[in-house]
Amino acid sequence: MPKVEIRSESCKSCGYCVKFCPKQVLAIGDKVNSKGYEYAKVAKPEACIGCKMCGVICPDAAIEVYK
Amino acid sequence: MEKIYARTKGIRPDVVSGFCPGCMHSTVIKLIGEVLEEMNIIDKTVAVLGIGCCGLKMEYMSYDNITSPHGRACAVATGIKRSNPDSLVYTYQGDGDFASIGLAESVSAANRGENISVIFINNGIYGMTGGQLAPTTLLGMKASTAPKGRIAEEHGYPMHMCEILNQLTAPCYLERTSCNTPQNTLKTRKAIKKAFQNQLDGKGFSMVEVVTNCPTNWGLDPLKSLEFLNEKMLTEYPLGVIRDNG
Amino acid sequence: MKRVFMKGCEAIAEAAVRAGCRFFAGYPITPQNEIPEYFSRRLPEVGGVFIQGESEVASISMVYGAASAGTRSMTSSSSPGISLKSEGISYCAAARIPMVYANISRGGPGVGSIQPAQMDYMQATKASGNGGFKMMVLAPSTVQEAVDMTFAAFDYADRDRNPVLILCDGVIGTMMEPVVLPEMKSDEEVAAIKNSKKWAAIGHKVDYANRGWIQPGNWSTAIMQQGNEEAAVMYENWQKNDVQVEHYQVEDAELVMVAYGISARIAKTVVDKYRADGKKVGLIRPITVYPFPYKAIENLNYNQVKAILDVEMSIPAQMLEDVSLAVKGRCPIETCLCSGGNLMKKEQVMDAVAKLI
């Protein structure tokens, strides 16, 4: 099963990954990182299809995808 | 499990970029790193950085780079490339750098067919200095030095660098792309790869103009900046291949 | 030694090629056009690169790039063109990039005149760009000296990782004289010099700490200050180790002229004339105008020296300020000046000396 990993320290909470995930796997979380950003979280891991769109659109290279 | 999307070696593993949330500078820098890694040429690459937000790149990227005087990136790249043809040399410049203060250097390098690659970031505004009018600012778009917005009679019209360079005989490849969707981001990646391949093949001047955003100085949050980019910027700056002699 | 008859500008270019210069970018401006013209013929013969840039600003940036890639590189211009290059010169100094440039200076300010002058002294020695950096500034008074200085300038530049300026008035640049040229560095030597510059930005294995990183500035003020402190130490060391000055008939002189470049050569003729009449006239000639030979002037015997005569092709006088710093009010300093492209006349200097002895 594909898996998305978010490097929480690199995330700036822009929301692009959430917007472009075709399966609504991702969401903006309620925890903040050391810079004060509410980093993205994997809300529905079981829905991930490993399309990498989140990784591609993420400006900050905060997302890695496994399959 | 196999990693199918990894952070590129072209950016430092332990560093968070200095760019604002949602800024596509970060995206393009990441894409450049991915392409260099994929082409296995990172160890012969020199990035020539323009002045402005482009300079934030030097701490974020992992390989050789030189900061050029404002606007002179194409001239600096010319010096490096001509004296060291084995290096892959690309410039990374914003609209103020490439299209305003560096217009002479940009057009002249293109006209010489200099065997370099230009990654031109067009976000329609001066970012680092705080949102001043750029040559690419849209009509009606407010800037900190154009409080009533760009007025054609006073400021002239947005400059289309791909089309201007397309008047010259020498350039090999001119394409305008964006990073507003994953699809367009992948197209930008492909365009960057082509620009680098052209250089490796000795085909001369290639430029990829990436239409991007500046959430901070546009005064919009990242997602709203995407809407402005889609509706306004891409209307003024339509995407596509302007020239391909590669 | 074989002597050849060469124009100053061309001799400078040939000396640079022999020193291993393999990149030149420049832009036309009188009276230095023979330098880029000569390089355009000569560099391709030795596998070098000549580019006529779209402007002075672009040319110095090209040199900044080529030198950052480790290649011995040069540019040249004349006064107003040097002002345009000041941006790139400051970048080279800030990033500690070795580079040599020549100013075949003409009358100023502004576009001035195309005739020779010495009106860029302050710009050359005090502020060739923003940020308070310094360079070694060598001022030839013969074509032979221009050749020798240009050849040596590349070594100074590489030693210090700093720009070096050949401050050459239009007379030296445009006149022809017999010269002995230095031996040409072999291709192997030129390659070895380039390869020794491990800091060059030409591509490295991905390794943040050891990458080629040419930084004409830094986000960290601490790093900036450290760099400036290191540069300041280097400038002080020049004052200790690298001052070059010629003393001519100074030992028993009661009147000492101070002059550099072509003015010094004219002043020397005047010394000879007066010495023939038994008059105790001498000359101190700064060869490096930066570092300036303060000590040579400071250490004169002011019980013996009755007056100093500052001879320059500049109005207002510029070197005068450095001379004053060294004299410290111990004797009167008079000036003998011309400007705007007018050549210093021997008679003018003769008259100025006559008033003081």
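This passage describes a sheet in chain C and the interface between chains A and B. The model is predicted, with local features requiring pLDDT of at least 70 and side-chain atom pairs counting only at pLDDT 80 or more, while totals for chains, interfaces and linings use all residues. Residues are numbered from 1 along each chain as its sequence is written, chains are lettered from A in the order in which they are written, and side-chain values use heavy atoms, with hydrogens and water left out.

In chain C, an open sheet of 5 strands with mixed pairing follows the order β10-β12-β11-β14-β15, where strands are DSSP runs of E with at least two residues, numbered from the N terminus, and two strands pair if DSSP finds at least two bridges between them. Strands β10 (245-248) and β15 (333-337) of chain C stand at the edges with a single partner strand each, so one side of each lacks a neighbour in the sheet. Within this sheet, β11 (residues 255-258) and β14 (residues 307-312) of chain C run parallel and are joined by 4 bridges, with Val258(C) opposite Asp310(C) in β14(C).

Between chains B and A, 34 residues of chain B are in contact with 29 residues of chain A, contact meaning heavy atoms within 4.5 Å. The rule finds 1 salt bridge across this interface (a side-chain nitrogen of Lys or Arg within 4 Å of a carboxyl oxygen of Asp or Glu); Glu64(A) forms a salt bridge with Lys3(B), the closest N and O atoms being 3.1 Å apart. Lys3(B), in β1(B), also stands opposite Tyr66(A), and β1(B) runs antiparallel to strand β4 (residues 63-66) of chain A, to which 2 bridges join it.
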